[in-house]
Amino acid sequence: MHLIELTEDEFARFRELVYRASGIRVAESKRVLMSNRIRRRLRETGIEGYSRYYDFLRSPAGKPEMQPFLDVVTTNETYFFRDEAHYRWLADEFIPEAVREARAGRRPRSLRLWSAACSTGEEPYSMALKLAARRVDLAGWRLEILGTDLSATALAAAEAAVYDERAMHLVGPGDRRAFFDEGPPGRWTVRPEVRAPARFRLHNLMERMTGEPFDCVFLKNVLIYFDAASKRKVVETVTAAMARGGLLVLGPTEGVHGMLDGLEKVKTWLYRKGG
Ligand SMILES: C[S@@+](CC[C@H](N)C(=O)[O-])C[C@H]1O[C@@H](n2cnc3c(N)ncnc32)[C@H](O)[C@@H]1O
């Protein structure tokens, strides 16, 4: 029989574990919330008691459980066109500038966009939607939009691309008709042509990003839960993954403004990598 709530001591050990694995600092006030969320994993794994579950997580046999554990402790709140100005900037300033540069022979006809901590996919699909809505012509270009997250459950929802009214509240009727299929009522699926440039994969922002550099990175509404040391690490990871001249779009709560050495401020939420 396990206790209904984590004891102070158990809570402290789980908080430390979450911090080391993800950079997230779970607030001390979240004991009941954490208890409820971890209890879901106890039910799922059939393990009796928080302490046993903790020991299991730390053991070699429990390694595969780390992913679902982190899944239940992350907060995945997001919606289409959150901070709409960022998407207007992307379609109306960033892409036209890239097109001009390519015409002048100063860059290849290729764009890689990264939605870092994309949760259930609304952010990367909002990028694709805004480009489609503004009829941005990228014929002959290679466009890739990569969405990454620590939560496999969130990424599975992103792949499925089915959304409810809560996620859709800022999507107008014209965009709904043009870029979504409705059905059953109140459930909206992003059309395949809008989804086409988007790819999803698991990635922990505390770890190095591999692959070709990104021309633009959205890093929004994730670092609020990180302490200064973890924020610094994430900023390092992200800037290392950006192309020279690449742009970083920040959410309103990231709190990394003193940590952006080597980046030039363009707007309060927009930074350019020098070189
Ligand atoms: C509140 S959502 C923000 C989603 C989207 N960027 C937005 O602005 O609407 C935060 C996301 O960050 C993810 N996350 C938290 N820590 C992470 C880490 N260390 N690496 C990658 N993703 C992480 C969570 O799983 C969650 O999906």
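Start with helix α1 (residues 8-22) and helix α3 (residues 50-58) in this predicted model. Their axes come within 10 Å and cross at roughly 25 degrees. That angle is under 35 degrees, so α1 counts as roughly parallel to α3. If you look at how one helix passes the other, the crossing of α1 with α3 is left-handed. On the α1 side, the residues to click on are Glu10, Arg13, Phe14 and Leu17, and they meet Tyr50, Ser51, Tyr54 and Leu57 in α3. Sorted by class, that contact has 5 nonpolar residues, 1 polar residue and 2 charged ones.

Now move along to another helix pair, α2 (residues 31-45) and α4. Here the axes lie 9 Å apart and the packing angle is about 145 degrees. The crossing of α2 and α4 is right-handed. From α2 come Met34, Arg37, Ile38, Arg40 and Arg41, which meet Pro68, Phe69, Val72 and Val73 of α4. The class count for this contact is 6 nonpolar and 3 charged, with no polar residues.

Next, zoom out to the domains. The assignment for the protein chain gives domain 1 (8-73) and domain 2 (84-273). Their C-alpha centres are 30 Å apart. Where the two meet, 7 residues of domain 1 are in contact with 13 residues of domain 2. Which helix gives the most to the side of domain 1 that touches domain 2? It's α4 (residues 66-73), with 3 residues. By class, that side of domain 1 has 2 nonpolar, 3 polar and 2 charged residues.

Follow the chain on from α4 and you reach the loop between α4 and α5, which is where Asp83 sits. Take a look at the backbone there: phi of Asp83 is near 55 degrees, a positive value in a residue other than glycine.

After that loop, turn to helix α5 (residues 84-103) and how it packs with helix α6 (residues 122-133). The angle between α5 and α6 is about 55 degrees, and their axes are 9 Å apart. That angle falls between the 35 degrees limit for roughly parallel and the 65 degrees where roughly perpendicular begins, so α5 is oblique to α6. The crossing of α5 and α6 is right-handed. Tyr87, Leu90, Ala91 and Ile95 are the α5 residues here, and they meet Ser126, Met127, Lys130 and Leu131 in α6. In this contact of α5 with α6 you'll find 6 nonpolar residues, 1 polar and 1 charged.

There's one more backbone feature to check, in the loop between β4 (180-182) and β5 (188-190), where Pro184 is found. The peptide bond from Gly183 to Pro184 is cis, and its omega is near -5 degrees.

Last stop: the ligand. Which residues come nearest to the ligand, out of the 24 around it? They are Thr74, Thr78, Ala117, Ser119 and Asn221. As for where the shell comes from, domain 1 (8-73) and domain 2 (84-273) each supply at least three residues. Broken down by class, the shell around the ligand has 11 polar, 8 nonpolar and 5 charged residues. So if you want to trace the ligand's surroundings on screen, bring up both domain 1 and domain 2, since the shell draws on each of them.

How values were computed: Residues numbered from 1 in each chain as written. Predicted model: local features only at pLDDT ≥ 70, side-chain atom pairs only at ≥ 80, totals over all residues. Near = placed C-beta within 6 Å. Nonpolar A, V, L, I, M, F, W, Y, C, P; charged D, E, K, R; others polar. Axes fitted to C-alpha atoms, helices over the stretch in contact; angles between N-to-C directions. Helix = DSSP H or I, 4+ residues; strand = E, 2+ residues; numbered from the N terminus. Parallel < 35°, antiparallel > 145°, perpendicular 65-115°, else oblique. Left-handed = near helix turned anticlockwise from the far one by under 90°.
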